[in-house]
Every structure is written in structure tokens, then in C-alpha cells.
Amino acid sequence: MTPFITALLLFGLGLGTTLTFASSHWLLAWMGLEINTLAIIPLMAQHHHPRAIEATTKYFLTQATAAATLLFASITNAWITGQWNIQLMTHPLPTTMIMLALSLKIGLAPLHTWLPEVLQGLDLTTGLILSTWQKLAPFALLLQIPLSDQTILILLALTSTLVGGWGGLNQTQLRKILAYSSIAHLGWMMLIIQFTPSLALLALLMYLIMTSSAFLLLKLNNTTNINTLATSWAKAPLITMTTPMILLSLGGLPPFTGFMPKWLILQELTKQNLALTATLAALTALLSLYFYLRLSYAMALTLSPNTLAGTTPWRLPFTTLPAPFFRHLISHPPPPPRPHNHRPSNLM
């Protein structure tokens, strides 16, 4: 793909998200989401591999279903209430349909089954865009929808935290682990989005920073499964030392940064008389913490075996070329010195 086409598609991504951010009309918001989807599909299919094409097809069908549901729900809302404004949703039927459509778009459980499979078929750069940038536009719409009853949203959020922690336990592929991590973090954001939107934005910001760091570290090490994490010491020792901090911060272990939004969310849920919900969310966070500890152990505390399938990627490859003078000496060695005929001196 040429740089011009790549820049055009990235501009389309930015345009679609900005259009959704700036819209107060459901048709304009739907148009922004569609531009966003159509811009990322060529980026997902740029590697002509059957796995990438399969992931792109799954993503397109899922997003098309969510967009059709969103458009149908917004038309139903306009038919019932006579207005298209996002912040004036009053009828519970189109509001619930729109919330389910947006949950399908971002991969909230139990509408999450497409996300691990799609992310597994992509390269790490496109996976980073899918895990971070593509969440912004639906999240902005979820922030604006007023809900009279938060029960369904809390059930979706708790299901996401449970599925995100449980689904990543037996995974060996790093992209699937990060997909389940995304599902769990989205569940934490949905828990608090109707009570304290600013806290949900803080959790989203922390998620974006930590997930971007994790994807960029995996791209730097060129690793896609747990077994190859053991060779990280030979590639970049200093970065390998700091990577467990990012992973444990994703898990929410104190005193790292990722602990702060989870602690504040639990505190706010307790203030809203949702102590049982806060307890269940805290217990599901322990499931996510397990596979982050597993990744940290495999990366920082495990030496690679001696029988690797490929060559060891040393961090200091020998690429020094000899100087022209020495190259000339190697190609044209000097002649050997001639023997000198020394006569013995007369000592008599």
C-alpha cells in the first residue's frame, strides 16, 4: 500500500470519528461511524493473507449489523418521538436497541465473540488502531444516551468483566489476550458511565495509554505468542525490564497507574449503594490479573530454551564493514619479504 493511500485512509478514520464527536443528530452520527468502518477495512486487508481476509470479513459483517440496528433504532425513535437529537432519547425501546448496537460495535460482552477472532487475524499496528481509536466514536455516543434504567447496562458491564477475565486465562496468543483485556476494561467503563461520566473518561484514557504501550512493545519485540516472549531479554533488556510494569498496570495492581481508575470506580459504586456490583467487579479483576502476571513471568523471569526454532535475535548485530584501505589490503596482500644474504663477519 502506497503512503498516499495509507494517509488517505488514516484521514478517513479521523474524519469519521470527528464527525461522530461533533454530531447531535443520529443520521450524522451514523454517517461518521460508517466512514470510520469503511476507512479501516482496507488497512485490515492490506496483507493478502487468508487469515487477514477472514478477520476483515468478520469485522465488516459485525459492523454492518450494528450499523443497521443503530439506523433502524434511530428511525424508530424519530417515528415514536418525532425528533432525531441524541441527547433527547426518551422512549426505552429505541434507547435499548441503540445501546445494544453500540455494545456490538465496541465488543461488549455477550456481543464480544467477534473481537478476539478479528484481532488475532490482524497485524499489531492495525490491531492497535482497532483496540484504541475505533472505541472512541461509539463511546462518545454511549456517553450522550440518557438511560432511565441502568440495570441492563450494569448486567452487560459485569458480564464483560467476567468474560474478559475468564476468556484470557487459557490463551497463548498475545493478540487474543489483549482482546479479552479490552473487553474487561470496557466493562469497567460501562459500570460507571451513567453515574460519573468523567470517571469513565479517566478509565478510557488510562486504557488507551496502557494498551498502546503494550501493542508498541509487542511490535518492537516482534512477538505474537507467549513462547517468544522469553527472547525479549536478548532484544531489548531495558524495555523488557519496564514491560511488567505496564502489564501489571493493565491488571490494576497497586501501586501502578491502572489501579487508580478501578479504585475510584469501586468507591463510586459503593456510594451509589451498589456494593454487590463493586464486589463482583473486584473479584473479576483478579481473573484478569492472572494472565497479566503470566505474561510478566514469561517475559521477564524466563530464559529462552537453547533449542529455538529460529536464530537468536541478538540485540547487537554485526554489520560493521571494513574500511576501504583494509579492504584493499585483503584483496591485494603485500608480497612476502625477500631473504637477505648476510655474510658472517671475520672475528679472527
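Which residues make the nonpolar surface patch of about 630 Å²? I looked this up before anything else and noted Met 1, Phe 4, Ile 5, Leu 8, Phe 11 and Leu 15.

**Basis.** I am working with a predicted model, in which local features need pLDDT of at least 70, side-chain atom pairs count only at pLDDT 80 or more, and totals for chains, interfaces and linings use all residues. Residues are numbered from 1 along each chain as its sequence is written, and side-chain values use heavy atoms, with hydrogens and water left out.

**Patch.** I took patches as made of residues with over 30% relative accessible area and no salt bridge, with like charges joined within 9 Å and nonpolar side chains (Val, Leu, Ile, Met, Phe, Trp, Tyr) within 5 Å. The areas come from the Shrake-Rupley method with a 1.4 Å probe, and for residues only the protein chains shown count as cover. Ile 5, one of the patch residues, lies in helix α1, residues 3-22, where helices (H or I, at least four residues) and strands (E, at least two) are DSSP runs numbered from the N terminus. Ile 5 counts as partly exposed because its relative accessibility is 35%, the classes being buried under 20%, exposed over 50% and partly exposed in between (1.4 Å probe, protein chains only).

**Annotated spans.** I read in the unreviewed UniProt entry that "transmembrane region" is placed at several spans, among them residues 57-80 and 201-220; UniProt positions are given in the numbering used here, feature names are shortened, and annotations may be inferred rather than shown by experiment. Residues 57-80 are 100% helix and 0% strand, with end C-alpha atoms 34 Å apart, and residues 201-220 are also 100% helix and 0% strand, with end C-alpha atoms 28 Å apart.

**Salt bridges.** I searched the whole structure and found four salt bridges, each a side-chain nitrogen of Lys or Arg within 4 Å of a carboxyl oxygen of Asp or Glu. Glu 54 pairs with Arg 51, the closest N and O atoms being 3.7 Å apart, and these two are separated by about one helical turn because they are three residues apart in helix α3, residues 50-81. Lys 58 also meets Glu 54, at 3.0 Å from N to O, and here the residues are four apart in helix α3, so about one helical turn again separates them. Glu 117 and Arg 51 meet at 3.4 Å, N to O; this pair links distant parts of the chain, 66 residues apart, with Glu 117 in helix α5 (residues 114-120) and Arg 51 in helix α3. I closed by noting that Arg 51, Glu 54, Lys 58, Glu 117 and Lys 176 are linked in a network of salt bridges.
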